Amino acid sequence: MKRIIVLLSIFLFINLGQSCRTEHYIISDIRFSLAEVKEDNYNDKTQIVYICTSTVKDNLVFVISYFTEFVAQNSFDFGNACYALTLDKEIDNPLLEQTFSINFNKPFAYNGVEIAELTNVFEIEEIRDEIDIYENYMTFCGMSADKVIDFSQEFFAKTTFEKAEYEVTFSCQTSDGIAFLKTITIVFE
């Protein structure tokens with residue numbers, strides 16, 4: 001009986017450092033930016049490389065980057081080997097896409113219909129169908145491109161913006177009720 005206890009103790013001691021840990025973070029703030037595709041050699045949207053810009057040329061893409069705070073990590077998985085070079089990262093308060101709002105401070109025309117200034121484009125079903133939201137794992141302007149809001153080429157072809165500066169306001173909430181409101185200035189060429 002003593003041998004069994006000793007062997008189990010050794011097994012547990014050896015396996016304490018063998019498990020895969022997940023580090024938990026919360027979103028404490030965001031950065032909202034206009035982006036331009038720099039490199040898209042893959043069929044995987046998570047691998048598209050974006051660069052910062054303030055000028056819209058031939059597509060309309062916004063990137064949301066997270067500022068996070070470390071919360072905790074789990075390491076109680078006994079007997080599981082971990083071969084990863086980086087630890088899993090889990091966001092405990094993700095952004096809720098149903099709370100996303102984007103509006104422009106000037107009107108624009110979409111498919112021949114004028115969209116009034118300060119209209120949330122996510123509330124217009126035809127426009128909402130032209131927006132693709134996805135995660136991205138590449139770096140972007142010194143941070144990460146955590147969430148991408150990509151307006152389709154069809155949207156861009158059907159839309160007429162003034163060749164001028166626009167203020168774009170983005171708002172959203174996290175699953176734990178934190179609200180963010182960001183405004184940027186962009187220029188349509």
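In what order do the strands of the open sheet of four strands stand? The order is β3-β15-β14-β6, and the pairing in this sheet is mixed. β3 (55–56) and β6 each have a single partner strand and stand at the edges, so one side of each is left without a neighbour in the sheet. We will walk across this sheet strand by strand, but first let us take in the whole protein. Please keep in mind that this is a predicted model.

The protein has 189 residues, and 36% of them are buried. Its secondary structure comes to three helices and 15 strands. If you take the contacts between residues at least 6 apart in sequence, 69% of them join residues at least 24 apart. The accessible surface of the protein is about 11,300 Å², and carbon and sulfur atoms account for 51% of that surface.

Now back to the sheet with four strands. Strands of a sheet pair through backbone hydrogen bonds, and they can do this in a parallel or an antiparallel way. Let us begin with β3, which runs parallel to β15 and is joined to it by two bridges. One pair to look for here is valine 56 with its bridge partner in β15, phenylalanine 188.

The next step takes us from β15 to β14. Strand β15 covers residues 179–188, and nine bridges join it to β14 in an antiparallel arrangement. You can find this pairing by looking for glutamate 165, which stands opposite valine 187 in β15. Another place to look is cysteine 172, which faces phenylalanine 180 of β15. What do β14 and β15 form together? They form a hairpin, with five residues between the two strands. In its turn you will meet glycine 177, whose phi is positive at about 90 degrees.

On the other side of the walk, β14 (residues 165–173) also pairs with β6 (residues 101–104). This pairing is antiparallel and has four bridges. Serine 101 has serine 171 in β14 as its bridge partner, while isoleucine 102 is matched with phenylalanine 170 of β14. With β6 we have arrived at an edge of the sheet.

There is a further open sheet to visit, made of three strands in the order β8-β7-β13. Its pairing is antiparallel. Here β8 and β13 (159–160) are the edge strands, and because each has a single partner strand, one side of each has no neighbour in the sheet. Between β7 and β8 there are three bridges, and the two strands run antiparallel. Phenylalanine 108 stands opposite isoleucine 115 in β8.

The loop between β7 (108–110) and β8 (113–115) holds asparagine 111. Although asparagine 111 is not a glycine, its phi is positive, at about 55 degrees. Is asparagine 111 buried or exposed? It counts as exposed, because its relative accessibility is 53% and the cut-off for exposed is over 50%.

A second loop residue makes a good companion to this one. Cysteine 141 lies in the loop between β10 (139–140) and β11 (143–144). Cysteine 141 is not a glycine either, and its positive phi is about 55 degrees. With a relative accessible area of 28%, cysteine 141 is partly exposed.

Moving along the chain, we come to serine 152, in the loop between β12 (147–151) and α3 (153–158). Why does serine 152 count as buried? Its relative accessibility is 18%, and buried means under 20%. The side chain of serine 152 also has a partner: a polar contact of 2.4 Å joins it to the side chain of glutamate 130.

Let us finish at the start of the chain. Methionine 1 sits in the segment before α1 (2–15). With a relative accessible area of 75%, methionine 1 is exposed. Which residues make a nonpolar surface patch with Met1? They are Ile4 and Ile5, and the patch comes to about 360 Å².

Methods:
Residues numbered from 1 in each chain as written. Predicted model: local features only at pLDDT ≥ 70, side-chain atom pairs only at ≥ 80, totals over all residues. Heavy atoms only, no water. Patch = residues over 30% accessible without salt bridge, like charges linked within 9 Å, V, L, I, M, F, W, Y side chains within 5 Å. Areas by Shrake-Rupley, 256 points an atom, 1.4 Å probe, with all protein chains shown as cover. Salt bridge = Lys/Arg side-chain N within 4 Å of Asp/Glu carboxyl O. Buried < 20%, exposed > 50% of the residue type's maximum accessible area, 1.4 Å probe, protein only. Polar contact = N/O pair within 3.5 Å; in protein donor to acceptor, adjacent residues only side chain to side chain. Pairing = 2+ DSSP bridges. Contact = heavy atoms within 4.5 Å.
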